[in-house]
Amino acid sequence: MNRRKAIKSLGAGIAGITMTPTAFAGKSDSENAAAENYRKATQGLPPVKITNVKAIATQPHGIELIVVKVETDEPGLYGVGCATFRQRAHTVVSAVNDYLAPFCKGKVADNIEDIWQITYQNSYWRNGPVLNNALSGLDQALWDIKGKRAGMPVYQLLGGKCKFAVDTYTHAGAGSKEEVVENVQRYMDEGYRHIRIQLGGYGSTALSGKPDFRKAGFGYKNDNVYMPNIYLQETPKLFEYVRKHCGEDIELLHDIHERVQPNDAINLCKELEQYRPFFIEDPFSPENIGYFEQLRQQTSVPIAMGELFNNPHEWIEPMTKRWYDFIRVHISQIGGITPAMKLARLGEWFNVRTAWHGPGDVSPVGHAANAHIDLAVWNFGIQEAASSIRSSSDRLLSIFPGTPWVKNGYMHINEAPGLGVDINEKEAAKFPIQDVQLNNWTQLRSQDGTPVRP
């Protein structure tokens, strides 16, 4: 309703009416209707309260996905948000159902900032991945509700579009340089302008031979092997080969994945500088954050960092000192849309662009949340596009109607109010998450058996 027209049309018919509990006493039906219309026109929609919060867990393609559903006292009005943390999926489900649900019931769903703040500190200890993911699911669901009530996509509530769609990068990893080039050329044909290249997996682990620790009977059967010299030697050769066969127009990215020692990472970045990478991702582990100043002094290679970050103290100083160029956090890892927008605004003042983490272990709801922020922020850099949205299966779409899609390298969202993605609980229930399974991709050892941090 247009507020000015509504007030003007009501005119003298509402003169003298006050909005107290007795305002309608002794009035005619038409006068009462006029008063109610005036209240709506001047005060907006009445608040809605949270009646239930629950976790919906599903595993349609081998990856545990956790979605939080927030229900309200307005019939049919609910929101969904992503809380996926596959390494501890069952724990997140418990955090949502056993703690968030009773804590949030009865609270006003409109007050997103207030709910975020009191939920964030409710457990006293904070900034942990389990609780942050649970909080993220709640936060995204509240933004979804807010958009539905306003009749607008969430990006409109964040300031509106700065771009027509979200530019993305995809991943072209393989076991040989020739295969990498084939993948890069295929993605270029599909319209991608940014492609991440990796040889033999992160750290080139697939190229490692039989390590000494295994010969000595040390470690465990499912340990992965990492030999840094192979990785450090082969990565510059990969860049040279891809540039030779794919040209200078394509933007190339690469992920060190924190797997080498800091000085080795610095030397690698310096060596890759001649191939003009779009960015080098995660050169140091969070424990080695102090090396960024040294890295920045020695190379102009753009740096993306933040996939493992939970705590604002991990990014505030490096961003304000311009130690890296792209902030690459996992939105659900830091607590949802509310803190992500604050993080993006911080980056704007220091020329740090966004590059949100968008792997396969993010639900379509989470990818949509990434995209809504991407569309609204001026300092957007690039968005990772997981295979799950590059070519969504019928199974995934049946569970998550409204899933974003990629065309010519750009991610698109539907223009439905809210985040635009729903969840079909009956379909999701057909693919329950399995009993606790501890994946071993982080179980990495060097030649002598020393654990390597990813």
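This is a friendly dialogue on how to read burial, cores, pockets and backbone angles in a predicted model.

User: Before we start, what kind of model is this?

Analyst: It is a predicted model, in which local features need pLDDT of at least 70, side-chain atom pairs count only at pLDDT 80 or more, and totals for chains, interfaces and linings use all residues. Residues are numbered from 1 along each chain as its sequence is written, and side-chain values use heavy atoms, with hydrogens and water left out.

User: Let's take a helix. Which residues of helix α4 are buried?

Analyst: Two terms come first. Helices (H or I, at least four residues) and strands (E, at least two) are DSSP runs, numbered from the N terminus. Buried means under 20% relative accessible area, exposed over 50%, and partly exposed in between, with a 1.4 Å probe and protein chains only. In α4, residues 112-122, the buried ones are Ile112, Ile115, Trp116, Thr119 and Tyr120. They sit on the same side of α4 because they cover an arc of only 125° around the axis; the arc is that of the directions from the helix axis to the C-beta atoms.

User: What do the buried residues of α4 pack against?

Analyst: Their partners are β1 (50-58), α3 (89-104), α5 (129-150), α13 (331-334) and α14 (337-348). Contact here means heavy atoms within 4.5 Å.

User: How do I read a single residue in one of those partners, such as Gln333 in α13?

Analyst: Look at its accessibility, then at its contacts. Gln333 counts as buried because its relative accessibility is 11%. Not counting residues up to four places away in sequence, Gln333 touches Pro129, Asn132, Asn133, Leu308, Phe309 and Asn310. For contrast, try Asp435, in the loop between α18 (425-429) and β15 (444-445). Asp435 has a relative accessible area of 67%, so it is exposed.

User: How many residues are in the largest nonpolar core?

Analyst: In soluble globular proteins, nonpolar side chains tend to be buried together. A nonpolar core is a set of buried Ala, Val, Leu, Ile, Met, Phe, Trp, Tyr and Cys residues joined through side-chain atoms within 4.5 Å. The largest one here has 117 residues, and Val53, Tyr324 and Ile327 have the most contacts inside it. Apart from that core lies another, of eight residues, among them Tyr169, Leu253, Phe326 and Ala355. Leaving aside neighbours within four places in sequence, the contacts of Tyr324 include Phe292, Arg296, Trp315 and Val352.

User: Now for the empty spaces. What is the volume of the largest pocket?

Analyst: Rolling a probe the size of a water molecule over the atoms shows where empty space is left. On a 1 Å grid over the protein atoms alone, a cavity is a set of points where a 1.4 Å probe fits but cannot get out, while a pocket is an open set with protein on both sides within 12 Å along at least five of seven lines; lining residues have an atom within 4 Å of a point. Grid points are joined across faces, edges and corners, and a volume is the space filled by probe spheres set on the points. The largest pocket has a volume of about 1300 Å³. It is lined by 49 residues, of which Gln87, His257, Glu307, Trp441 and Thr442 are the closest to its centre. By class, the lining has 14 nonpolar, 21 polar and 14 charged residues. Here Ala, Val, Leu, Ile, Met, Phe, Trp, Tyr, Cys and Pro count as nonpolar, Asp, Glu, Lys and Arg as charged, and the others, Gly among them, as polar.

User: And how many cavities of 30 Å³ or more are there?

Analyst: A search of the whole structure finds one. The largest cavity has a volume of about 60 Å³. Its lining has four nonpolar, six polar and no charged residues, and the largest share, three residues, comes from α15.

User: Last topic: which residues have a positive phi without being glycine?

Analyst: Most residues other than glycine have a negative phi. Asn127 is one of the exceptions here, with a positive phi of about 65°. Asn127 lies in the loop between α4 and α5 and is buried, with a relative accessible area of 16%. Asn351 also has a positive phi, near 60°. Asn351 lies in the loop between α14 and β11 (353-354), and at 56% relative accessibility it counts as exposed.
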